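Biologist: Please take me through this one. I will ask, and you show the reasoning.

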Amino acid sequence: MSETNTILSPSALAQEAIQLLKQLIATQSFSREEEGTAALIEAFLNRKGIPFQRKKNNIWAFNRHFDPQKPTVLLNSHHDTVKPNPSWTLDPYEPLLQDGKLFGLGSNDAGGPLTSLIVTFCHFYDNPNLTHNVLLAATAEEEISGREGLEMIVDDLPPIEFAIVGEPTEMHLAVAEKGLLVLDCIAHGKSGHAAREEGDNAIYKAIQDIQWITGYKFPKVSPTLGPIKMSVTIINAGSQHNVVPDTCKFTVDVRVTEQYTLEEIIETIRQNIQSEIHPRSIRLRPSSIPVEHPIVQAGLKLGRTAYGSPTTSDQALLDCPSLKMGPGHSERSHTANEFIYLHEIEAGVAQYIKMLEEVIL
């Protein structure tokens, strides 16, 4: 018998989220290896009597009274994790409760937000009086910006009016998020013997380009995200000490705002440096939602703060207004002995429900 007809309080829903989170922690789910956690989410929805669809390790479900004539709200978060770093002193896969904290890999990023959104979806699932459809998507490969995560199922979903993307923000409102552009660059020279005045050193050419990259400021500055930030993060050249290198390769990490398209940024850089430029992808675009949007206003009424996020999430793959928000603290993500407070999950579930009630009831 399904549990969907049982109306639970936000506190009871939070306890369900915590129990599911313990199971997720105990199940390894590195990016591209999320089969186990996908099965756990399937089992949870089955117990609730909620039909779902699955493609690879992505699972999505609609509210019982889905109406294609109504706008749709997407609740999305991911169930993959990074690998534990060597500084862990606890067992990353042993959910440990201590001093009100739940320790374990993925507890904060993004198990707490994910399970809180799952039970929030369950709260609204049976309601026949919603003004919007509610769509839950628990997706894979977020930590590697993979193509077999949210991006794989976007075309299978109906048009989305707005989305809530679950990431640890202390339940504050990330109303804008920088996009990511990674450029692999190659400076070309001519090889020669280092002892003689021979060759054209590709390292020196790369240095000139890097100096421009580190010094250039894009004129338009985002009011929420600030300036575009370019960082050279990898450089590689030369094969032996006495040979002038004919190539120098370097990588540029560009954090992009809504003030420019990725194509405009690439063209600006291309016009000002000598090196070849090879963008790895132009998929991870900046995202935002107007502060005036009802879901943001609902959060502000609850005393939360709106801000621009410098980090990238699956928001970059959505072509709709999106709000990043969830229990937990971003600074705990990918750290040793990662944890989330139980009270953060309890408050997160309650806030998700209150905010959505302002918009879809």
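**Rings, sheets and cores**

Biologist: At 14% relative accessibility, does Phe339 count as buried or exposed?
Modeller: Bear in mind that this is a predicted model. Buried means under 20% relative accessible area. Phe339 has 14%, so it counts as buried.

Biologist: How do the rings of Phe339 and Tyr341 pair?
Modeller: Tyr341 is partly exposed, with a relative accessible area of 26%. The ring centres of Phe339 and Tyr341 are 5.3 Å apart. Their planes stand at 90°, so the pair is edge-to-face.

Biologist: How many aromatic pairs does a search of the whole structure find?
Modeller: There is also an aromatic cluster, made of Trp212, Tyr216, Phe218 and Tyr260. Over the whole structure, the number of aromatic pairs found is seven.

Biologist: In the open sheet with the order 4-5-18, which strands stand at the edges?
Modeller: This sheet has three strands with antiparallel pairing, and its twist averages 25° from one strand to the next. An edge strand has a single partner, so one of its sides is left without a neighbour in the sheet. That describes strand 4 (96-98) and strand 18 (339-341).

Biologist: Which residue in strand 5 is the bridge partner of Leu97?
Modeller: Strand 4 and strand 5 (residues 101-103) run antiparallel, joined by three bridges. For Leu97, the bridge partner in strand 5 is Leu102.

Biologist: At what angle does helix 3 run to strand 18?
Modeller: Helix 1 (residues 10-25) lies across strand 4, strand 5 and strand 18, at about 25° to strand 5. Helix 3 (residues 107-125) lies across strand 5 and strand 18. Its angle to strand 18 is about 40°.

Biologist: Now the open sheet of four strands. What is its order?
Modeller: Strand 11 (229-237) and strand 14 (276-279) each have a single partner strand, so they stand at the edges. Strand 9 pairs with strand 13 in the antiparallel sense over 10 bridges. Eight bridges join strand 11 to strand 13 (residues 247-256). The order is 11-13-9-14.

Biologist: What does the twist of that sheet average from one strand to the next?
Modeller: The sheet is open, with antiparallel pairing. From one strand to the next, its twist averages 25°.

Biologist: What angle does helix 5 make with strand 13?
Modeller: Helix 6 (residues 262-272) lies across strand 9, strand 11, strand 13 and strand 14, at about 25° to strand 9. Helix 5 (residues 202-215) also packs on the sheet, touching strand 9, strand 11 and strand 13. The direction of helix 5 and that of strand 13 make an angle of about 15°.

Biologist: How many of the 10 residues of strand 13 are buried?
Modeller: Val252 is found in strand 13, and it is buried with a relative accessible area of 1%. Its contacts beyond four places in sequence include Leu183, Cys185, Ile213 and Met230. The strand is largely enclosed by the rest of the structure, because its buried residues number seven.

Biologist: Cys185 stands opposite which residue in strand 13?
Modeller: Cys185 is buried, with a relative accessible area of 2%. It is in contact with Val252. The strand 13 residue opposite Cys185 is Phe250.

Biologist: How many disulfides does the search find?
Modeller: A disulfide is a covalent bond between the sulfur atoms of two cysteines. The closest cysteine sulfur to that of Cys185 is in Cys248, 10 Å away, which is too far for a bond. Across the whole structure, the number of disulfides is zero.

Biologist: Which residues have the most contacts inside the largest nonpolar core?
Modeller: That core has 52 residues, and helix 8 (residues 342-360) gives the largest share, nine residues. Apart from it lies another core of 24 residues, including Leu183 and Val252. Ile295 touches Phe162, Leu323 and Met355, among others. In the largest core, the residues with the most contacts are Ile164 and Ile295.

Conventions: Residues numbered from 1 in each chain as written. Predicted model: local features only at pLDDT ≥ 70, side-chain atom pairs only at ≥ 80, totals over all residues. Heavy atoms only, no water. Disulfide = S-S within 2.5 Å. Buried < 20%, exposed > 50% of the residue type's maximum accessible area, 1.4 Å probe, protein only. Pairing = 2+ DSSP bridges. Helix = DSSP H or I, 4+ residues; strand = E, 2+ residues; numbered from the N terminus. Axes fitted to C-alpha atoms, helices over the stretch in contact; angles between N-to-C directions. Contact = heavy atoms within 4.5 Å. Core = buried A, V, L, I, M, F, W, Y, C linked by side-chain atoms within 4.5 Å. Phe/Tyr/Trp six-rings, centres within 6.5 Å; stacked < 30°, edge-to-face > 60°.
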